[in-house]
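Biologist: I should like to go through the classifications assigned in this model and to hear the reasoning behind each. May we begin once the structure is displayed?

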Amino acid sequence: MKWLLHMSDPHLGAISPGQVLDDEKVRLDQPDLETTQSVFRQTVRNLSSFVAEHGKPAVVVVSGDLSYHAEASGFVAFAELLSANAECLPEDPSKIVVVPGNHDVVWAQPAGEPARYTGFLEATRGHDRSTPLIDGVDFDRDDETGSLLPSGRDAPHVVLDPDVLVIPINSSNYCGTTVDVRGGWTTVEWEAALGPLEATVRANVMREVDRLHRYDIARVSRSQIRALGHLFDHLGESRDRSPADQRVRVAVLHHQLLPVSTREERKPFESLINLGLVRQTLREYAVDIVLHGHKHESGSYWDLVAAPAGKLADAAQRVLVISSPGHFEVGAPVMRALQLTGTRAARSLTISTFLGPSSEQSDAVIANDQPHVPLWLGSMDAETPERHLIRAPTTHVAYSRLQGLYALQAQDAQVRNLVCQIDDPSDAAQLPPDYPNAGAGRSQAWFDDMVKWWQLDRSELVDSGLVPFNHGERVYRRWGNQVRRAAHLLNTRAVSSRAIIELVAPRETGRYVKDERDLDRGSFPAFVLAELGLAVRDGRRHLDCFGYFRKQELRYWWPVNVAELARIQEAVLAELHGTPKPKLGRIVTFSAFALWSDTLPRVAVPEIDRLVDQPDRLWALAAAIANPAAADAATRAEWERILADLAGEDRAAPPQPKLGLARLAQELARAATLAASENLERVRSALATLAAQHASYAGAPLNDAATAIVLATVAELRAAVEHALPAAPAS
């Protein structure tokens with residue numbers, strides 16, 4: 001398994017302040033003093049046990065601060081440490097990548113002056129190790145084009161491995177440089193003003209002035225970025241990732257991109273001053289991983305690098321950022337192994353953190369938690385902006401977020417591959433408050449009836465062939481009780497993935513297929529299947545439900561579908577055993593094609609037809625006409641919903657009932673035998689006329705003329721109902 005070693009900030013050489021780990025009350029002449037350096041050295045030595053098991057690292061990355069204040073002893077110690085542990089390192093020295101930190105440049109030298117890097121280059125390029133392009137060394141610091149000098153073309157500056165491409169970047173060129181404060185005195189003016197002072201005093205004051213004007217500025221020069229482009233051209237490498245290039249791209253720099261801890265640091269220029277440009281460069285070069293040090297903090301996070309300004313529709317690119325620790329103690333993180341797993345087309349990363357060993361330990365000490373990170377997530381986000389994921393704590397929040405998603409789409413747009421996860425669907429049975437026309441024609445009662453009808457195990461409309469299907473008949477009856485079968489599988493095999501409820505037979509395209517000639521006719525549910533599964537969260541089993549839809553209308557129909565899934569989920573849960581009993585878990589919907597409609601879809605069975613399966617309610621409607629004084633508010637509201645639905649409210653055209661109109665007319669005729677009246681006969685006559693009109697159209701779509709005729713009859717029916725059933729007096 002190929003792996004990379006990442007280390008940073010050893011600050012080798014003479015023991016610097018803060019590196020002593022012992023509690024020093026007195027000082028001894030003690031060669032075995034416990035320091036961050038000794039822990040770092042011991043960790044490197046103990047890598048041999050890891051290397052014996054996994055082989056040598058393909059690449060070693062050192063993200064800066066080899067020394068302290070660019071002292072020569074630190075650079076010498078670094079070179080000696082690598083030489084002494086060569087058996088743990090790549091045989092090719094160019095596979096050791098080192099970037100300078102702010103402590104590796106000479107602060108007394110101006111930015112871009114080659115003398116700033118003398119010690120660093122001796123410890124790195126002097127041993128054929130790879131380094132970034134260095135300002136003033138590999139390209140002319142004054143050349144805005146970033147044209148490469150000979151060393152920029154010849155020295156190793158990137159690692160080209162079959163599996164990884166490592167790009168080192170120098171962010172320390174401006175560290176410790178003197179700046180002029182706008183509006184303040186220049187150095188010449190200070191010297192003139194201090195002229196009358198005694199020479200020693202004047203020199204001391206000028207040193208303090210210089211110190212106050214010297215800043216630790218993290219910056220990647222524009223010339224370096226341009227030079228990097230020239231280098232890639234020289235090497236024949238593509239800056240962005242071509243489809244054929246499946247290498248993991250790793251950028252290395254010393255300074256952090258974003259904060260890696262909650263600690264405050266009160267100093268000017270705490271982070272990269274041109275971070276926006278640097279992050280866009282990382283995006284341009286399709287970088288998967290950024291390795292850095294500097295902050296002496298161990299951490300990792302995903303950074304979302306947005307598209308250039310003004311391109312909000314483009315997907316952000318995910319970059320994994322890993323910060324290496326710089327203060328090393330026994331039992332604390334010191335360095336990391338980044339192991340590449342998976343195939344080259346879908347790389348993942350296993351991160352092993354080496355902890356500081358005690359003096360008696362000779363093997364590598366590895367942290368127990370080894371996160372497995374899917375690197376392919378980054379490239380997938382960058383390359384497939386069509387992928388959509390909505391996650392929400394409740395059904396109603398999810399529905400609002402779906403509306404927000406569609407507000408960003410073009411009119412009549414289809415969204416493909418939409419995944420919506422509801423963490424707590426306990427509100428699924430309630431009509432969302434922002435549902436269209438909620439509280440009026442689309443009331444909670446309407447919603448309850450719609451969900452209930454679609455989950456009926458037996459419907460006269462379906463059995464008679466007037467309606468191709470509902471979902472409950474397929475879930476509970478057509479192929480046996482699938483809810484009980486799913487519960488049985490989960491009871492006997494807690495981790496079974498066979499708890500599948502199917503709504504489509506393999507050979508079916510819609511209605512009951514009798515022979516092969518029927519395969520091109522009919523239709524079948526957009527709701528294809530549901531899967532139930534048990535998952536342990538917070539120490540308790542949860543029953544999750546997943547619904548797959550080949551096509552799904554979201555504005556009107558997604559809440560209905562989720563309420564159906566919640567009913568199925570509750571039905572399976574009721575059959576499960578165990579103490580404690582599992583809790584209701586998540587509901588997740590998968591929509592291959594997701595639509596957002598302006599009108600109620602045709603799949604919404606007319607309200608009058610749904611009442612065919614509830615004859616007692618049909619009789620209540622007829623009885624209210626026969627005896628208005630006894631009509632309750634619920635029945636009056638039901639008449640209003642039926643009339644609004646028949647008129648095509650929130651629909652593209654009036655619906656075409658199959659059986660409900662005739663059945664209600666029959667109930668009115670029955671009521672007339674008990675209490676005949678002119679009003680009742682008028683309502684029955686309008687119902688019968690409307691039923692005959694729809695029957696004459698034989699289910700064909702209504703044209704403009706037919707629509708006008710139907711709406712005129714609905715208006716007559718409404719007038720008859722309102723005359724027979726006047727509004728109840730206000731209480």
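Modeller: Asp 210 is a suitable start: its relative accessible area is 30%. Please bear in mind throughout that this is a predicted model.

Biologist: Why is Asp 210 called partly exposed?

Modeller: Buried requires under 20% relative accessible area and exposed requires over 50%. Asp 210 has 30%, which lies between these cut-offs, and therefore Asp 210 is termed partly exposed.

Biologist: What makes the pairing of Asp 210 with Arg 214 a salt bridge?

Modeller: The closest N and O atoms of Asp 210 and Arg 214 are 2.7 Å apart. The cut-off is 4 Å between a side-chain nitrogen of Lys or Arg and a carboxyl oxygen of Asp or Glu, so the pair qualifies as a salt bridge. A search of the whole structure finds 41 salt bridges.

Biologist: How do you know that Glu 460 and Arg 663 form a salt bridge?

Modeller: Their side chains meet with an N to O distance of 2.4 Å. That value is within 4 Å, so the criterion is satisfied. The pair links distant parts of the chain, with Glu 460 in helix α13 and Arg 663 in helix α20, 203 residues apart.

Biologist: Are Glu 460 and Arg 663 buried, partly exposed or exposed?

Modeller: Glu 460 has a relative accessible area of 31%, and Arg 663 has 24%. Neither value is under 20% or over 50%, so both residues are partly exposed.

Biologist: What makes Asp 9 count as buried or exposed?

Modeller: The relative accessible area of Asp 9 is 0%. This is under 20%, and therefore Asp 9 is buried. Asp 9 is placed in the loop between β1 and α1, and its phi is near 55 degrees, a positive value in a residue other than glycine.

Biologist: Why is helix α1 described as mostly covered?

Modeller: Helix α1 spans residues 36-45, and seven of its 10 residues are buried. Because buried means under 20% relative accessible area, each of those seven residues falls below that cut-off. Among them are Val 39, Phe 40 and Val 44. The buried residues of α1 pack against elements including β1, α2 and α3.

Biologist: What makes Thr 35 a cap of α1?

Modeller: A side-chain oxygen of Thr 35 lies 3.2 Å from the backbone nitrogen of Gln 37, at the N-terminal end of the helix. A polar contact requires N or O atoms within 3.5 Å, so this distance meets the cut-off.

Definitions and conventions:
Residues numbered from 1 in each chain as written. Predicted model: local features only at pLDDT ≥ 70, side-chain atom pairs only at ≥ 80, totals over all residues. Heavy atoms only, no water. Buried < 20%, exposed > 50% of the residue type's maximum accessible area, 1.4 Å probe, protein only. Helix = DSSP H or I, 4+ residues; strand = E, 2+ residues; numbered from the N terminus. Contact = heavy atoms within 4.5 Å. Polar contact = N/O pair within 3.5 Å; in protein donor to acceptor, adjacent residues only side chain to side chain.
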